Amino acid sequence: MPRFPVFTVVFIEGFCSLGAEIIALRQLVPHMGSSIVVTAPTIGFFLLALALGYHAGARVAEDFREVVARNFLIAALLTGTGLSGVSVDLLFDKLNPPEIAYLGFIIGVLGPIAWLLGQTVPILSNLLQHERVGEASGRALYYSTLGSFLGSLSLSLLVMQWLGVAAAVALCGICLAIGYMLLRGRGWMTTAGGLSVMLLTVGVNSWLRPEIETAYASYLVVPANYEGAANGRALKNNSSYASLIDESEPPRYARYIRHIRSLLLDEMGFRDRRILVLGAGGFTLSHREPSNHYTYVDIDPAVRDIAEKHFLHAAARGDFIADDARSFLIRTSQRFAAVLVDVYSAHSSIPGHLVTREFWQATRRVLDPDGLLIANLILDSALATPYSRNLLATIESVYGRCAVEVLQKKQVLANVVVTCRNGEPPEPPRLFIDERNTADFDLARSR
């Protein structure tokens with residue numbers, strides 16, 4: 001086999017193998033979140049399957065082109081259908097708990113893709129008979145790694161950003177089908193097989209999942225019935241309800257939004273104040289609210305257009321900045337009367353770098369001296385889990401005692417609105433005990 005098609009196939013292998021890993025991490029976000037305890041094992045399992053593929057490929061002694069062609073065809077089917085949003089959603093819908101579905105995804109989809117494609121370089125190196133072993137393997141690894149490099153950049157920064165995740169899945173599936181046809185050569189059966197896989201890939205990724213996809217999230221607007229709503233609708237972000245609105249006059253929003261609006265407008269009496277909202281959602285906090293100036297920060301640059309066109313059916317009030325919340329807090333020179341933290345990558349999953357002490361310290365930096373921090377958290381309604389207790393303790397280590405309001409006390413998971421005042425750093429608390437009771441003294445110096 002000539003060198004050019006060999007290296008082309010190796011390039012496709014590198015492009016699509018790393019592409020499959022990137023796509024898999026993105027497709028897991030709605031169901032598992034994006035924390036290190038999800039991404040690290042996923043990368044680890046992928047590398048293990050790839051290593052096993054290298055070992056399996058080294059043992060192949062004949063029918064080199066036929067074996068790799070078969071691997072590419074199976075990998076194309078797994079990539080184009082198994083990595084599609086509809087397949088991943090179905091898997092997590094049918095298998096519970098999510099950890100079981102995750103293992104099913106790794107064992108049934110991502111692992112086999114890595115194992116099949118990992119065999120490519122060891123097998124095709126046998127076709128470069130007129131080169132030294134080191135030269136043949138070095139060139140093959142060069143083109144494979146080059147494909148991985150270009151695949152990681154183009155899929156994440158171009159294809160997903162401009163065309164969506166489904167387009168990235170379809171592109172990888174089509175590329176693998178092309179690699180299959182290059183290996184098999186001309187013939188109506190080869191052409192029919194490759195085109196069939198391409199058509200199936202395009203169909204699964206374009207027609208079977210009526211969502212709006214970006215590199216960061218999948219959005220869907222669905223009808224919603226909730227208390228007092230008239231023709232309510234919900235904006236779902238990564239399969240989780242992000243915002244609610246209806247056609248009442250005035251419109252009714254999600255309970256936590258109504259609670260926060262009442263806090264800002266009625267209890268605090270904010271007028272002509274600057275309010276920062278980290279996590280845009282459906283832009284309902286400022287909907288028909290002209291009293292204050294709102295600045296929204298969200299990592300997804302497409303979220304405002306999506307919300308206006310498909311959810312609000314009107315222009316969103318306020319400024320919009322596409323940026324990571326923590327990055328914005330570090331760089332901005334603006335100051336705000338209130339900061340609302342409402343950042344989620346899945347139903348109850350806040351990105352890990354947005355829950356640390358350093359993040360909450362960054363929110364204090366952009367607040368006015370008497371400013372207000374408001375955090376909408378999804379926690380267990382009893383506030384008894386280690387995550388709930390530690391997250392609340394982290395916030396209060398920066399702000400001191402905060403108001404904590406559980407809005408749905410009968411539910412397992414509830415909206416918990418945490419409200420903190422900016423001010424002097426809190427002093428460590430001391431317990432009142434019979435032996436040394438400072439209650440009266442503390443009361444006197446607190447007046």
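Buried means under 20% relative accessible area, exposed means over 50%, and partly exposed lies in between (1.4 Å probe, protein chains only). The model is predicted: local features need pLDDT of at least 70, side-chain atom pairs count only at pLDDT 80 or more, and totals for chains, interfaces and linings use all residues. Residues are numbered from 1 along each chain as its sequence is written, and side-chain values use heavy atoms, with hydrogens and water left out.

**Exercise 1. Find the disulfide and describe it.**

Step 1. Apply the rule: a disulfide is a pair of cysteine sulfur atoms within 2.5 Å. The count comes to one disulfide.

Step 2. Name the partners. Cysteine 402 is joined to cysteine 420, with 2.1 Å from S to S.

Step 3. Give the handedness. The angle about the S-S bond is 110°, and the link of cysteine 402 and cysteine 420 is right-handed.

Step 4. Place both ends. Helices (H or I, at least four residues) and strands (E, at least two) are DSSP runs, numbered from the N terminus. Cysteine 402 sits in the loop between α14 (386-399) and β10 (403-406), and cysteine 420 sits in strand β11 (residues 413-421), so the pair ties together parts that are 18 residues apart in sequence.

Step 5. Check burial. Cysteine 402 has 8% relative accessibility, so cysteine 402 counts as buried. Cysteine 420 is buried too, at 1%.

**Exercise 2. Decide whether cysteine 172 and cysteine 175 are bonded or free, and buried or exposed.**

Step 1. Take cysteine 172. Its nearest cysteine sulfur, in cysteine 16, is 4.5 Å away, and cysteine 172 is in no disulfide. Its relative accessibility is 0%, so cysteine 172 is buried.

Step 2. Take cysteine 175. Its closest cysteine sulfur, again in cysteine 16, is 4.8 Å away, too far for a bond. The relative accessible area of cysteine 175 is 18%, so this residue is buried.

**Exercise 3. Trace the sheet that holds cysteine 420.**

Step 1. Write the order. Two strands pair if DSSP finds at least two bridges between them. Seven strands form an open sheet, β7-β6-β5-β8-β9-β11-β10, with mixed pairing.

Step 2. Find the edges. β7 (319-322) and β10 each pair on one side only.

Step 3. Look at one pair. β9 (residues 367-380) and β11 are antiparallel over nine bridges. Leucine 373 has cysteine 420 in β11 as its bridge partner.

Step 4. Add a helix. Contact means heavy atoms within 4.5 Å. α14 packs on the sheet and touches β9, β10 and β11.

Notes: Axes fitted to C-alpha atoms, helices over the stretch in contact; angles between N-to-C directions.
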